Amino acid sequence: MLRLTRLLPWWWPPPAAAFPAKNLGLRKVASGVSSPGSASPRALNIFDRDLKRKQKNWAARQPEPMKFDYLKEEVGSRIADRVYDVARDFPLALDVGCGRGYIAQHLNKETVGKFFQTDIAENALKNILETEIPTVSVLADEEFLPFRENTFDLVVSSLSLHWVNDLPRALEQIHYVLKPDGVFIGAMFGGDTLYELRCSLQLAETEREGGFSPHVSPFTAVSDLGHLLGRAGFTTLTVDTDEIQVNYPGMFELMEDLQEKVQNVGLILQNKLHIS
């Protein structure tokens, strides 16, 4: 069972000066992708971002990427539903960690005028799913967004932010590129994701080795997300959860599914996976 926690931070700070249209867009595309081995100096670097880029590129080259995309498709559609719940249109939008464009395909040009889609994997950007919205693909790291301040009316992110080393910085970057009345809607894995798998591995290793080491990536607790968003400058926050049940006949089938997903899944939604 996947327990999806959706974070819906609406950002309404005091009015700011108008931002000239000619200044919208990229600072410099090349600056959006960190160089191999680079990292935020204040973060504990759990993930090798260069390796993660290679993994996502590898996954995007597989002959049947859609075989393992069912979760990203579902979460992308739910984020799109939340965009439609906001009673306004968004002339300029950004998808952070877009993968193959799982959100944009569910939106229409009446709601979003133009869509910038960013990802660290160039192969994913080369295989973007079709959408009726005019789109621009940008190779960029979630922690180093190459856009000017006050650029976007809407920022979305689906199952991507759990791979960043410095989540506070990534949220600050999103806040930075949003306009004063902008909206951020996201989804991410976190909390008790893969709880059963983690416990099973720990029990087995403890029985055989007398101790255990972590085999599952750490995830952010739901209770911490509101604080992190507030610290980044967001206001009028909403956090909710959905549940999607996923059944596996055994551990090996789960491992096969995870092997492909881990390469592709690029966080707002928080997920809890129950193996049944």
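Contact here means heavy atoms within 4.5 Å. With that in hand, a good place to start in this predicted model is Asn123, which lies in helix α3, spanning residues 122-126. Leaving out residues up to four places away in sequence, Asn123 touches Asn57, Ala60 and Arg61. Asn123 has a relative accessibility of 12% and counts as buried, because the cut-off for that class is under 20%.

Stepping back to the whole protein chain, its secondary structure amounts to seven helices and seven strands. Along the sequence, these elements are arranged as β-α-α-β-β-α-β-β-α-β-α-α-β-α. The protein chain has 276 residues, of which 52% are classed as buried. Its accessible surface is about 12,800 Å², and carbon and sulfur atoms account for 54% of that area.

The interior can be followed through its nonpolar cores. In soluble globular proteins, nonpolar side chains tend to be buried together. The largest nonpolar core in this model contains 28 residues, and Leu107, Phe115, Leu154 and Val156 have the most contacts inside it. At least two residues of this core come from each of α2 (70-85), β2 (90-96), β3 (112-119), β5 (152-158) and β6 (178-187). Helix α2 makes the greatest contribution, with five residues.

Val156 offers a helpful view of these surroundings. Apart from neighbours within four places in sequence, Val156 is in contact with Ile79, Val83, Leu94, Asp95, Val96, Ile103, Phe115, Phe184 and Ile185. A second core, separate from the largest one, comprises 25 residues, among them Ala140, Val164, Leu229 and Phe234.

Key. Residues are numbered from 1 along each chain as its sequence is written. This is a predicted model: local features need pLDDT of at least 70, side-chain atom pairs count only at pLDDT 80 or more; totals for chains, interfaces and linings use all residues. Side-chain values use heavy atoms; hydrogens and water are left out. A nonpolar core is a set of buried Ala, Val, Leu, Ile, Met, Phe, Trp, Tyr and Cys residues joined through side-chain atoms within 4.5 Å. Buried means under 20% relative accessible area, exposed over 50%, partly exposed in between (1.4 Å probe, protein chains only). Helices (H or I, at least four residues) and strands (E, at least two) are DSSP runs, numbered from the N terminus. Accessible areas come from the Shrake-Rupley method with a 1.4 Å probe; for residues, only the protein chains shown count as cover.
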